[in-house]
Amino acid sequence: MSGDRRAVPPAVPGAPLLEVEAIDVSYARHGHSPVRAVTGASLTVGPGEVVGLVGESGCGKSTLGRAAVGLVAPSAGQVRYRGRPVEVLARGARPRWLRSLQMVFQDPYASLNPRRRVGRQIADAAALGAGAALDGKASSDRVGELLDRVGLSPGVAQRYPHEFSGGQCQRIAIARALAAQPDCIVADEPISALDASAQAQIANLLAGIAAQSGLGMLFISHDLSVVRKIADRTVVMYFGRVVESGPTAPVWARPAHPYTRALINAVPRAGAGGTLPAELPGDVPDPARPPAGCRFHPRCPEVMDSCRTTDPPGVDIAPGWQSVCLRAQPLPATTTGAGEVPGAAEVAGRPEA
Amino acid sequence: MSTTGALPLEPAPGLGGEQAETLTRQDRAALRPPWRQPLALVGGGIILFWAVVAIFAPLLAPHPPNLEFGPILAPPSAAYPLGTDELGRDVLSRVIFGARLSLPLAALLVVAAMSIGSLLGAVAGYFGGLVDAIFMRLADLVLAFPGIILALAVAAALGANLVNAVIAVIVVDWPQYARLARSMVLGARSSEYVTSARLLGSSGWRTMWVELRPNIAGPILVLGALDMGNAVILLSGLSFLGLGAQPPTAEWGAMVSEGVANFFNYWIGLFPGLAILTVVLAFNFVGDALRDILDPRTARMLGK
């Protein structure tokens with residue numbers, strides 16, 4: 001059954017699994033100018049890759065995630081899954097080929113139907129993903145197998161969501177997403193509503209699933225320490241924009257964007273001798289009136305005069321590593337694009353992380 | 001149709017946003033399960049009593065309901081416990097057989113109005129837009145008239161018999177279910193379990209039937225229980241006005257009407273009237289108890 005599910009779309013060969021290309025998302029407000037929650041954001045997720053999307057509350061990362069699965073329509077740009085444009089969810093059922101692009105939500109209780117047994121919900125997901133109802137035995141076997149995969153006993157299938165803890169509910173929600181045999185999962189703050197021990201378990205579970213089944217994952221979180229652990233690549237958003245994206249280890253070690261540095265410095269560290277983490281001054285500006293020039297300049301500790309007027313272009317720090325900052329400059333190994341960057345001659349301060 | 005003003009037309013917000021509230025004595029009384037509330041118990045007992053009477057009517061009634069055999073207009077006596085009417089029929093037997101009409105018909109029309117109303121309301125709430133506008137303006141149109149007046153007009157237009165009276169009551173009764181179902185679907189539509197189901201490929205209709213229905217059924221069933229008394233009154237009201245059951249059918253409303261024609265022979269109208277009174281009161285007692293349990297304020301304090 002998985003065969004014909006995959007056979008439905010003529011997948012474009014060579015295309016990335018999930019590709020978000022320069023999308024804008026605006027929310028219309030009654031009697032006000034529309035708010036652009038996401039502006040020109042791009043990212044790609046490959047098979048077996050965990051992409052961490054980080055940023056503070058309200059920066060548009062959840063909106064980007066919702067646009068990636070087709071829950072909100074981008075006002076510009078395009079989202080492609082297997083090279084085909086993602087259809088925005090309308091009144092009809094979601095097309096079969098898109099059902100392997102799934103989502104896990106933040107609130108595990110809200111994302112399970114409170115009045116249905118969890119086993120039924122998982123079995124329904126399996127049937128919908130396969131496009132055909134499974135018979136009783138096959139269905140309960142599949143439910144048991146999925147529950148086992150997320151670390152729950154198959155016996156819990158007969159229970160209702162309120163009988164579980166938050167972490168267990170999130171496991172069930174993940175099992176339900178897996179029932180549709182996904183190739184890509186967008187996890188929207190999947191651990192933010194959980195307590196500390198459950199956070200680590202769920203994050204490890206998701207990373208393990210991505211590694212074992214080779215599915216791509218967009219892991220949205222504001223928790224940098226978790227993203228650092230499980231993400232292969234990190235994408236940093238500020239105020240609707242992607243400001244830096246690149247492989248997690250180098251981005252963490254030598255962040256190229258002042259906002260990334262501020263985020264990393266704000267992570268509390270054990271054994272820091274009681275010092276409080278560095279704080280970023282100021283607040284996120286009013287989304288209806290974005291500042292001119294670089295969107296980060298009112299809060300940037302390294303602001304220059306040109307930042308107030310020039311919207312910075314993306315600079316390739318290294319292959320696959322981009323920073324949107326006037327101060328950013330490529331690492332010596334690369335040569336591309338250095339001459340085009342205004343202000344690149346100025347030394348970008350990169351403290352050791 | 002009395003407006004069910006106290007019934008929550010908005011769904012209880014599931015999470016967050018509640019301010020701390022203290023329990024008053026009344027609240028605590030309402031939190032008790034129905035089987036520990038005296039009024040609800042009395043109501044349940046009366047409903048049970050009438051249900052037994054309706055089921056075993058041929059065994060309980062001393063005479064067939066339409067047999068004209070006795071003295072005309074005899075007052076209550078040992079031979080005729082509730083007297084006889086102007087045609088010499090036994091009032092007790094007629095009241096007993098009347099239960100066989102009023103109770104099942106009230107249940108039937110509540111179920112019908114509930115099904116039609118919740119379906120239209122759920123569709124309106126889920127799909128929104130033009131469908132919503134059409135269905136809900138239709139509901140507003142019906143709600144704009146006093147229930148009994150509109151039911152009268154519909155029953156008169158269709159012709160005076162019991163079937164048409166039931167249809168007329170359904171016509172005036174469905175909008176309250178539509179409004180309740182719509183508001184609850186609106187509340188649940190944007191929840192994440194619905195979004196998840198849609199992402200998994202669930203169609204709109206499947207989502208409504210499989211995912212939403214179990215979540216909105218409770219309050220609608222309570223509204224139905226509250227509405228039973230109303231249905232009994234409306235139906236006997238139409239019969240009383242001559243637009244429902246036709247003679248010689250033993251129907252409580254029609255019997256009260258006969259009682260009005262024989263004003264000084266109180267027993268002809270009094271006993272069927274008492275039957276209506278007790279049934280309606282009983283349904284209201286039970287409905288009130290159920291409503292208190294489902295009221296968002298008390299439900300929140302229950303930690304639901």
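The chat below goes through some features of a predicted model with chains A and B.

Me: Let us begin where the chains meet. How many residues does each chain give to the contact?
Reply: Chain B gives 20 residues and chain A gives 27 residues.

Me: And how much area do they bury between them?
Reply: Chain B and chain A bury about 2,100 Å² between them, and 56% of it is on carbon and sulfur atoms.

Me: Which residues of chain B lose the most area to chain A?
Reply: They are Glu192(B), Leu199(B) and Leu200(B), which together account for 35% of what the chain B side buries.

Me: What about charges? How many salt bridges cross the interface?
Reply: The rule finds 2 salt bridges across the interface of chain B and chain A. Arg206(B) forms a salt bridge with Asp124(A), and the closest N and O atoms are 2.7 Å apart. In general, side chains of opposite charge can pair when their charged atoms come close.

Me: How many residue pairs are in polar contact there?
Reply: The count between chain B and chain A is 14 residue pairs, with both residues at pLDDT 80 or more.

Me: Which elements of chain B give two or more residues to that side?
Reply: Those elements are α8 (192–199) and α9 (204–240) of chain B. The residues on the side of chain B that touches chain A divide into 7 nonpolar, 8 polar and 5 charged.

Me: Back to salt bridges. How many are there over all chains?
Reply: By this rule the count comes to 22 over all chains. One pair to look at is Arg80(A) and Glu21(A), whose side chains meet in a salt bridge at 2.8 Å, N to O. Arg80(A) lies in strand β4 (residues 76–81) of chain A and Glu21(A) in strand β1 (residues 18–27) of chain A, so this pair ties together parts that are 59 residues apart in sequence.

Me: Staying with β1 of chain A, what is unusual about phi at Ala22(A)?
Reply: Ala22(A) has a positive phi of about 45°, although it is not a glycine. Ala22(A) lies in strand β1 of chain A.

Me: New topic: helices. At what angle do α2 and α4 of chain B pack?
Reply: Helix α2 (residues 38–55) and helix α4 (residues 91–127) of chain B pack at about 105°, with their axes 8 Å apart. That angle makes α2(B) roughly perpendicular to α4(B), because angles of 65 to 115 degrees count as such.

Me: Which residues meet there?
Reply: Trp50(B), Ala51(B), Val53(B), Ala54(B) and Ile55(B) in α2(B) meet Val95(B), Ile96(B), Ala99(B), Arg100(B) and Leu103(B) in α4(B). These residues divide into 9 nonpolar, no polar and 1 charged.

Me: How do α3 and α4 of chain A cross?
Reply: The axes of α3 (residues 118–130) and α4 (residues 136–149) of chain A come within 9 Å and cross at roughly 105°. The helices α3(A) and α4(A) are therefore roughly perpendicular to each other. Among the residues making the contact are Ile122(A) of α3(A) and Leu146(A) of α4(A). The contact residues divide into 6 nonpolar, 2 polar and 1 charged.

Me: Last topic, prolines. Which residues does the cis peptide bond in chain B join?
Reply: The bond joins Pro247(B) and Pro248(B), and omega is about 5°. Pro248(B) is found in the loop between α9 and α10 (252–261) of chain B.

Me: Where does Pro291(A) lie?
Reply: Pro291(A) lies in the loop between α9 (258–265) and β11 (315–318) of chain A. Not counting residues up to four places away in sequence, Pro291(A) touches Phe239(A), Pro285(A), His297(A) and Pro298(A).

Technical notes
Residues are numbered from 1 along each chain as its sequence is written. Chains are lettered from A and ligands numbered from 1 in the order in which they are written. This is a predicted model: local features need pLDDT of at least 70, side-chain atom pairs count only at pLDDT 80 or more; totals for chains, interfaces and linings use all residues. Side-chain values use heavy atoms; hydrogens and water are left out. Axes are lines fitted to C-alpha atoms, for helices over the stretch in contact, and angles run from 0 to 180 degrees between N-to-C directions. Helices (H or I, at least four residues) and strands (E, at least two) are DSSP runs, numbered from the N terminus. Angles under 35 degrees count as roughly parallel, over 145 as roughly antiparallel, 65 to 115 as roughly perpendicular and the rest as oblique. Contact means heavy atoms within 4.5 Å. Ala, Val, Leu, Ile, Met, Phe, Trp, Tyr, Cys and Pro count as nonpolar, Asp, Glu, Lys and Arg as charged, and the others, Gly among them, as polar. Buried area is the accessible area (1.4 Å probe) that two parts lose on being put together, summed over both. A salt bridge is a side-chain nitrogen of Lys or Arg within 4 Å of a carboxyl oxygen of Asp or Glu. A polar contact is a pair of N or O atoms within 3.5 Å; within protein, one must be able to donate a hydrogen and the other to accept it, and residues adjacent in sequence count only if both atoms are side-chain atoms.
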